[in-house]
Every structure is written in structure tokens, then in C-alpha cells.
Amino acid sequence: MSLLKVEGLSKFYDRETKVLKDVNFEVKAGEFLSIIGPSGAGKSTLLRCMNRLVEINEGKVIFNGLDVGAMKKKELRKLRTNIGMIFQHYNLVPRLTVIENVLHGRFGYKSTIQGVLGRFTEPEKEQAFFLLEKLGISEHAYKRCDQLSGGQQQRVGICRALIQEPELILCDEPIASLDPNSSKVIMDYLKSISTEMGITCIVNLHQVEVAKEYASRIVGLKQGEIVFDGPSKLLYGEQIQNIYGMESRELITV
Amino acid sequence: MNAKQMRKNKWQTTIFFILIIIVTYLSTAITKFNFIDSIATIPAAFSWIFSNLLITEESLEKLPQILEKLGETIFMSIAATTLAAVVSLFLAIMGSKTTKVNQTFSVIARFIASFSRNIPVVAWSLILLISFGQNSITGFLALFVATVGFLTRAFIESVDEANQSSVEALTATGATYFHMISKAVIPQSLPQMLSWILFMIETNIRSATLVGILTGTGIGYMFDLYYKNMNYNLVALITFTIIIAVIAIELISNRIRRVIL
Amino acid sequence: MEMVKELNPALIKRKRNGQINIKSGNKIDAVVKWTIWILTFLTVLAFFVFDYTGFQIERAITETIHNIRVMFLEPGLSHFSWSEAVYQVGVTLGLGILATIFGAIIAFFLSLMAAENLSKSWLSNTVRIVVAFIRAVPTVLWVLIFAIAAGLGSEAAVLGMLFHSVAYLVKAFSESFEEVNPGIIEALRATGSSWWHIVVNGVLPSTFTYLLSWTFLRFEINFSVAVAMGAAAGAGGIGFELFMASGFYFDLREVGFITYAILVVAIVLEIISTRLKERYFPSSINS
Ligand SMILES: Nc1ncnc2c1ncn2[C@@H]1O[C@H](COP(=O)(O)OP(=O)(O)OP(=O)(O)O)[C@@H](O)[C@H]1O
Ligand SMILES: [Mg+2]
């Protein structure tokens, strides 16, 4: 059975312009899927429809057999607990420590009072350290987040997603603000998350080369429509041109 | 800039200064302000100050009493500011466009803030004096209400400035609204808010003197009493203790600010 | 991903009871925490120090609710007329305007002395210390002290209000001057311009709008100061009428009317100054 199913999804922020137009695709459990497309194609919007950070206007998103669009507040919280998210700008709370930021991933499991008082159990804290160790940043655990480099902050972001024990991780351009070395480190971690831990990953990317190298399947988005959906091996020059438009091809591949 | 535009600017500046002069003239007329008199007053006032506002040994005997009243005034401003800060925090979270629950609450919060801020603290103390009588509570409440208005506006700005992306991230983990407020918004805006609170304590000590004159409490009452009795040595001593207190508090808050901001 | 067998205990900070600590315990957090605790403690203490003479909570609350209802729902005038009210508001505005304009003129010269990039450091430090001293004395005390020498009236009020206006504007103006691009000043200096030439041609054009905005922001403050001086120091204007209505005639309707009048003016001034702030100061500045 597929983990996630998107059926006839449409989205508009204002009446005139549809950002997503009748998007259909399925994601199987354990897949490493990459969504590519030019700026403004609607990649971020599509990702945010999956955990309903933005409301769905038409069509359906079905996660684990449940209709995301129809969920009430409580179910929605549970859904979000099941879906981790990683952002281009890491979206950490700058004044708090690394370890606190990682533990924020546990809020989905907490009552309001527990969360507000910051009551985390010892196993949770140990797990947080375990994940930091795994991503090689445990020596920074007590530093303030804004004192870390971009690559390190993104690894904190990954830890925060992993501590949720999610089935699916959504990554919105995780390497767009990083240098090539850190980008490689981050992509390698994401890849191993999917292969070793069996967590499904959907990664928005700007760089076609990176998508082809890491993803098993690629979805190409152009002006809110899917123009390519298939194994990454089958994505050739012509389709790339189709996704990004003729002129910009040179710009993309450098 | 070409010559034509420069000439236009020059014209604007000239008109502007003429307007200022007219407004100033109208103001002197309506307030019956005599410019010559007031200039003549300044040297007279300073020579009066230096010959009469002297702290004598005799006046120092009253120091313990004065300090007690000064203490009351300082406590009044700290208590009013701290409690106002708690209320303002709620109003600011309700009123800020990034954390509001819904539009109605937001408008109500902003309305309360604007209402209590724009009625001067004197008006509040006179209004409250009628029913509360001459005691510390009157002054405390007057300062409290005015401070709520001011701090709510300042806090709304701090909350708005807090980085929205971490709020989005927390929402995505399945956090509740209160998790998000307490762990993403407040940690980011707290130092800024604290700085505003310290600023407001300084301001309120000065306002508390004024409120004290009207409500007959604290150091303001002492000042008024000896001022009316023309005991200027004590007036000098009281003024001096206020200066010391305000500067001390300013120095402390500057040190705190330097660490936290 | 490397396999992690066990955690490195040296990296984990623990509390005394053995639980894992998640706070870094740095200086900033500690200062924030202590400031909050001390303020809370002092606030609680305050209620033991307060003087409760003649304070009866139930009576006070019911009476306040009643008074406020009368004031704000049934405002009216009895001791003076509408035109008189407008005139008194005008007087208060006039006091505020005079204190602001004279204050701005004096502050302009002083802030040239206080700005570090235009002045010598001993001079700028002296001005700053004097200004801090002036700020520490509440305006009402300045007014009352001047009233002894000049007699109660608009002269004493304006002169007294002048002090804080100057102190506030010197701080604001000198900070604006210090933000002037050093390149402009250097370029003019290189051409052998005199100090006044630098100020008039280099500093003023780029800071003029800021100075005006700050002056207006001070005017907003001075309006409520003028109300206060009317009430507490007999300076006349709408503040004095408020004092009479509430403390002398106990006329709640009139208090309500006057409060509304003050509120309207204050809100208009606030709207204008908020516009100015949004336009010229994207991030707000303390004090
Ligand atoms: N909150 C919003 N309100 C209104 N319009 C929006 C909003 N968010 C995005 N849009 C619009 O939706 C379209 C798609 O935006 P989206 O951010 O999904 O694109 P993207 O593919 O992620 O682009 P990028 O690669 O630049 O991140 C854009 O035209 C954008 O202007
Ligand atoms: Mg995007």
C-alpha cells in the first residue's frame, strides 16, 4: 500500500492564480523521492499541503489511508507528529540550546502543560543525545543554535525531525543555503535515514544533479503541474529542459 | 539633483521655517508666554537654586524618613511595572499579528492598550483618587494602567520581530499553540521585553513622584509638603535622593541590558 | 551513518539529582532568570510596604466602576463651555509646542557637542553626564523649582519641561549624527572645510528628516507632560481643568469630558508619530 497519495490536489492563495493544478502522485513507504522545478513552481506549497501547514483547496491528500484535508485539530496534531519536516533556513529557535531545539520534536507527544514546563523524560533526552552523536554534533549540544554553522544547524534540524519517530520526512530545499561540502554531508545523512531507518523522504531540490544522484524517483513540477514523474535514471536533458524552460537550462546545471 | 529641484527644496525649507515661527508665535500668544521674562528668569532661577537648594546638616536628620518614602515610591513603580508586564504579555500575544488567535481578540487587545496609554498617567491618578483615596494603591493602579498601555505596544513589536520560521517548524512537529508561544516566541522576545520593563521602571520612578504629589503618597508627597512649607533644604535633599535613585537604577539596567541583548 | 554504540558521558551535563540538564547555564540565561526573580520578589515585597490608609477594597472597586461608567458614558460640561475647553486644550498644546521647539533648538547645538564623530571626547562625555543628571530629576520638580523663581505660570512650565525635552533630544540627535556616513565627513574634511561647513553641508542634509521626526515624537510626549504640569504644578491648560473637576468640584461628567478631549488629541498625535516612525525608523529605538 502507498504511504501517501495525492489526488487532484489544487491550491490557490488568491482567487486568480492557482499555485497547484490537479496534482496526482503516490509515494510508497521507504521511497526517496525528489521534487524538482523552477522557483515559484509550487514545490514548497505542495510539501506544506502534505502536513497541512497550508490549507488544501481542492482534491485530497491521503496519508496512511487517512484524509489529511478532513482532519480535526487533534488528528492533525497526530499526523504532524508522524511527519518530520526539514527547512531551507533550518527554522531553529535561535536563543535556545541545540539539545532544547532537538527536544522540540517531542511536542507532538506532550500535553500543553508538559510542553510549556519543558518536561522531557530521561529516555527522550538520551535519545536526543544519541541522535546528535549519530549526526556528529554532540559536542555542540549545549551551545546556542545561532552559534553553529549552517551545516551544523541543518543537522540539528534533522535530529529534531528524527526524534519525532516519523514515518515520513519532508525536506524543503535542505541544502539551498549550504556550501557544496556541507550539502553532501546533509544529503548523505538523508539518504541513510531512508535506507537504514526505512523512513520515507520527500526532498524539494533546486539542483537536478543532486536529485539524480540521491533520489530513486523524481517528480518535476512546472507552474503547479506535474510534468515529469519517474525513476531518476529516466530524467534526461530534454525533460529537464521541459521542466525548467529552454533558456534557463545552462543556469541550472552549473 | 538639478538646480530646479534645489530651488524647490529651498522654498520648502523656507516655508517650513515660517510655519514653525507662526506656530511658535501662536503658542506664545495662547499660553501668555513672555519670552523676555523667561530668559531673564533663567539666571535668576539658577542663582536661586544655588543659594537656596542646599542640603544642610539639619535637613539630614530627616533622611531616614525621606528614604522610607523614596522606598515606597520605588516599590510602587517596580510593582506596577512588573504586574503590568504580565498583563501586557497576554495582551501582546493576543494583539500581535503573528500570534493572534483571532481578529476580534487582537482588536480588543490593541484597543485596551491604546486607551490606557493615551490617557495620561495624571488623568488616571485623578480618576482613581476619587474612589480609592489617598494611599499607595491609587498611585500603584495609575502607574499600572498607563504602563500596561505602553508595554503592550512595545511587546507587540518584540513579538512581531520574533523569527516566524521557528514557529512554523514547531507547528510542523505537532506542537500546540501554547507550546509554540512558550518555546519559540517568548524565548526569542524575552530579552527585548526585559529591556523594555527596565526602561519602564526608570520612567515610572519619575512618574511616581508626579503621581505622589497628586495622590499624597511616597516621595512626591514629601516633596510637596516641604515645598509648600518653603523648607528648601529638605526640598534639595529630596531632589538629590531622587537623582541618586534614578541614576542608580539606570546604571543597573544598563548593565543588565549589556549582558542580555 | 556511523554506528553509535553508546553515548559519551563526558558530553552530557547532569543536574544534582542525576537528570540530564538541557539548559546551557550561560550568563545570559542566568541574568535573565535572576532579573525576573528579583523583580518578582520586589513586587511581592511592595505590597507589604504600601500605605493602605483609608483603602477599602470593596468600596473602592464598586465606586470606581460606578465612576468610570459615569465618566465615560455620560460625559458633559458644567463649569465651562465647549469653546473654553477647546481653548484650554490649545493652551496645553501651546505649552507642549514651546517646550518642544525651544528644546529642539538647544538640543541641536548640544548634540553637536555630544556626537562622538563631530566633537572631542571630553566634551561629548561632559554633555552626556550633564544630560543624564538632568534626566534623573522628574519634570514636575523642575517646573516647581522654576515656579519659585518665575512664579506659577507658563514660563515656569515651559522652562521646566525644557529640561527633559533637551535631554531626550540630545540623545536622539547625537545618535543620528553618529550614524552619518564617515566617508561624507572625511571627504569634506579633505577639502579643507571648516567645522561649521561640515555640519551644514555634510551632516544636516542627511539627518534633517530624522531630527524632525524625533522632535515630533518628543512633542507627542510633551503633550501629556503638559497635561501633567497643568494638574500637578498649576501650569494651566486642560490638565488644570482636569485637576479642578476631579479634586475640587468632584464633577465626574466633566472629568469624563476632559479625559475624552485629552484622549482624542493624544491618539491623533500617536497616529502621526507612528506613521513617522514606520517611515523613518524601521526598527524602533528605546527611550
Ligand atoms: N503565503 C502565500 N501567499 C500568497 N502567495 C503565495 C504564498 N506562498 C507562496 N505563494 C505563491 O505561490 C507560488 C508558489 O510558491 P512556492 O513557494 O510554493 O514555490 P517554490 O517552488 O517553493 O519556489 P522556490 O523554489 O523559490 O522556493 C509563488 O508564485 C508564490 O508567490
Ligand atoms: Mg520553496
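**Helical spans, chain interfaces and ligand shell in a predicted complex**

In chain B, residues 137-156 form a span that is 100% helix and 0% strand, with its end C-alpha atoms 28 Å apart. The model described here is predicted, and the span in question coincides with one of the segments of chain B to which UniProt, in an unreviewed entry, assigns the feature "transmembrane region". The record places that feature at residues 12-30, 75-95, 107-130, 137-156, 208-227 and 233-252 of chain B. For residues 233-252 of chain B, the end C-alpha atoms are separated by 29 Å, and the span is likewise 100% helix and 0% strand.

Chain B takes part in an interface with chain C, in which 77 residues of chain B are in contact with 82 residues of chain C. The size of an interface is often given as the accessible area lost when the parts come together. For chain B and chain C, this buried area is about 7100 Å², and carbon and sulfur atoms account for 78% of it. Of the area that chain B buries against chain C, 9% is supplied by B:Phe75, B:Asn118 and B:Ile130, which is more than any other three residues contribute.

Chain B also meets chain A, where 21 residues of chain B are in contact with 28 residues of chain A. About 1900 Å² is buried between chain B and chain A, with 63% of that area coming from carbon and sulfur atoms. Here B:Thr173, B:His179 and B:Lys183 supply 30% of the area that chain B buries against chain A, a share that exceeds that of any other three residues.

Turning to the ligand, the shell around ligand 1 is made up of A:Tyr13, A:Val19, A:Pro38, A:Ser39, A:Gly40, A:Ala41, A:Gly42, A:Lys43, A:Ser44, A:Thr45, A:Glu173 and A:His206. By residue class, this shell divides into 4 nonpolar, 6 polar and 2 charged residues. Helix H1 of chain A (residues 43-50) provides the largest share of the shell around ligand 1, with 3 residues.

Polar contacts to oxygen atoms of ligand 1 involve both side-chain and backbone atoms of chain A: an N or O atom in the side chain of A:Ser39 is 2.4 Å from a ligand oxygen atom, whereas for A:Gly40 a backbone N or O atom lies 2.8 Å from an oxygen atom of ligand 1. A polar backbone atom of A:Ala41 is placed 3.2 Å from an oxygen atom of ligand 1. Ligand 1 taken alone exposes 630 Å², of which the protein buries 55%.

Conventions
Residues are numbered from 1 along each chain as its sequence is written. Chains are lettered from A and ligands numbered from 1 in the order in which they are written. This is a predicted model: local features need pLDDT of at least 70, side-chain atom pairs count only at pLDDT 80 or more; totals for chains, interfaces and linings use all residues. Side-chain values use heavy atoms; hydrogens and water are left out. A residue is near a molecule or strand if one of its heavy atoms lies within 4 Å of it. A polar contact is a pair of N or O atoms within 3.5 Å; within protein, one must be able to donate a hydrogen and the other to accept it, and residues adjacent in sequence count only if both atoms are side-chain atoms. Accessible areas come from the Shrake-Rupley method with a 1.4 Å probe; for residues, only the protein chains shown count as cover. Helices (H or I, at least four residues) and strands (E, at least two) are DSSP runs, numbered from the N terminus. Ala, Val, Leu, Ile, Met, Phe, Trp, Tyr, Cys and Pro count as nonpolar, Asp, Glu, Lys and Arg as charged, and the others, Gly among them, as polar. UniProt positions are given in the numbering used here, feature names are shortened, and annotations may be inferred rather than shown by experiment. Contact means heavy atoms within 4.5 Å. Buried area is the accessible area (1.4 Å probe) that two parts lose on being put together, summed over both.
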